[in-house]
Amino acid sequence: MPFLGQDWRSPGWSWMKTEDGWKRCDAWSQELEGENSQCDIGPGIILNSEDEEIFSNEEHEYASKKRKKDHFRNDTNTQCFYRENWIYVHKESTRERHGYCTLGEAFNRLDFSSAIQDIRRFNYVVRLLQLIAKSQLTSLSGVAQKNYFNILDKIVQKVLGDHQNPRLIKDLLQDLSSTLCILIRGVGKSVLVGNINIWICRLETVLRWQQQLQNLQMTEQVDSGLTLSDLPVHMLSNILYRLSDGWDIVTLGQVTPTLSALSEDRQLWKKLCQYHFGEKQFCRHLILSEKGHVEWKLMYFALQKHYPTKEQYGDTLHFCRHCSILFWKVRIAPDSGHPCTAADPDSCFTPVSPQHFIDLFKY
């Protein structure tokens, strides 16, 4: 039977026929027309000689104001995140699920905004943002791009507040600013989601963040309790051996003369090189001193320029091979963080590195 009812295409507006055709009737438009008829303002009254001079003086500011206005309309502090710890990763349409999961959708649905508050997940999220900035920024949707810069804003403000991990954020912003410069200059060759003015404002924001981090001053903490200098030498050496980044060892060695001497230990740098690199790589970049000893510290930084180092994270995203679900593990709750249907869920879980996260959504 035919559907006998109100036309589903009608939005419920009222229309009236005029000499120019059908026009929509709005109560507010009729009132506005009545007010305008009473005022009867003509174009000659709106602009006089003085107004024309003011208008000409302000005309050169139109471009910058329009750019900021476009950025204000398209940028917001309200994030479009779902409060979920998992997402189903599907790369093709099925009878149960249509379409496929994109990188932007995963970035929106996984709770990265709360993850940066966890010290064990902070480095992981920063590294993921850095990889997206290098190669996947244009693949994000408009909402995902807003969420990306909102999370980045929270990270910068967090670093400016607690003075922790500034070097990681500087590297991230450096890669992001380079990518934005390339995209803005080659706007005709690349596809940008949104107005070009939005991207220019984002670049200006990134440059402002870089300047704030450059001017960051570490305040000296005055504490009468136990400090790092009060620890025994063997404990300080043990702390240095636990670090997996050579720049962290160099930075820590600048704190006290004792740490400076410990940071130059050849055995320390040898262990660090053996952890990150293999013997074949040693032979290609072997550096010897005048006495014939291996300069392990110089070798580490030389090898770092040619080969990637191992990455360590306190906590990462996990992927369930049985359910094809990407999720954050929940430590407080007894469950695994997602509704797994396998008999032994722990055997199906695989830690996902930041690069693996990007590769999951490549087609």
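From which domains does the lining of the largest pocket draw at least three residues each? In this predicted model, the domains are domain 1, made of residues 102–216 and 313–360, and domain 2, residues 245–306. The pocket is a convenient place to start, and the sheet and some loop residues follow.

The volume of the largest pocket comes to about 2100 Å³. Its lining consists of 45 residues, and those closest to the pocket centre are Asn165, Arg167, Leu168, Asp245 and Asp248. Five helices each give two or more residues to this lining: helix 7 (119–136), helix 9 (166–185), helix 11 (233–242), helix 12 (246–252) and helix 16 (296–306). Helix 7 is the main contributor among the elements, with seven residues. By residue class, the lining holds 17 polar, 15 nonpolar and 13 charged residues. As a general point, rolling a probe the size of a water molecule over the atoms reveals where empty space remains.

Asn165, one of the residues closest to the centre of the pocket, also has a backbone feature to note. Its phi is positive, about 60°, although the residue is not a glycine. Most residues other than glycine have a negative phi. Asn165 sits in the loop between helix 8 and helix 9. It counts as partly exposed because its relative accessibility is 31%, which lies between the 20% and 50% cut-offs.

That loop, between helix 8 (142–162) and helix 9, also holds His163. His163 is likewise not a glycine, and it has a positive phi of about 60°. Is His163 buried, partly exposed or exposed? At 22% relative accessibility, His163 counts as partly exposed, because a buried residue would have to be under 20%.

Another loop, between helix 10 (196–214) and helix 11, contains Met218. With a relative accessible area of 49%, Met218 is partly exposed, since an exposed residue has to be over 50%. Met218 and Leu160 are separated by 58 residues in sequence, while their C-alpha atoms are 9.8 Å apart in space.

The strands come next, and strand 4 (residues 317–320) pairs with two others. How many bridges join strand 4 to strand 6? There are four, and strand 6 (residues 349–352) runs antiparallel to strand 4. In this pairing, Leu317 stands opposite Val352 of strand 6. Strand 4 also pairs with strand 5 (residues 325–327), again in the antiparallel sense, over three bridges. Here the bridge partner of Phe319 is Leu326 in strand 5.

Strand 4 and strand 5 form a hairpin with four residues between them. In its turn, Ser324 has a positive phi of about 55°. The side chains of strand 4 alternate: Leu317 and Phe319 point one way, while His318 and Cys320 point the other way. Residues on both sides of the strand are buried, namely Leu317, His318, Phe319 and Cys320.

Cys320 leads to the matter of cysteines. How many disulfides does the model contain? The count is zero, where a disulfide would need a pair of cysteine sulfur atoms within 2.5 Å. The surroundings of individual cysteines vary. Cys320 is buried in strand 4, Cys181 is partly exposed, with a relative accessible area of 26%, and Cys283 counts as exposed because its relative accessibility is 64%, a value over the 50% cut-off.

How values were computed
Residues are numbered from 1 along each chain as its sequence is written. This is a predicted model: local features need pLDDT of at least 70, side-chain atom pairs count only at pLDDT 80 or more; totals for chains, interfaces and linings use all residues. Side-chain values use heavy atoms; hydrogens and water are left out. On a 1 Å grid over the protein atoms alone, a cavity is a set of points where a 1.4 Å probe fits but cannot get out, and a pocket is an open set with protein on both sides within 12 Å along at least five of seven lines; lining residues have an atom within 4 Å of a point. Grid points are joined across faces, edges and corners, and a volume is the space filled by probe spheres set on the points. Ala, Val, Leu, Ile, Met, Phe, Trp, Tyr, Cys and Pro count as nonpolar, Asp, Glu, Lys and Arg as charged, and the others, Gly among them, as polar. Domain bounds come from an automatic or database domain assignment. Buried means under 20% relative accessible area, exposed over 50%, partly exposed in between (1.4 Å probe, protein chains only). Two strands pair if DSSP finds at least two bridges between them.
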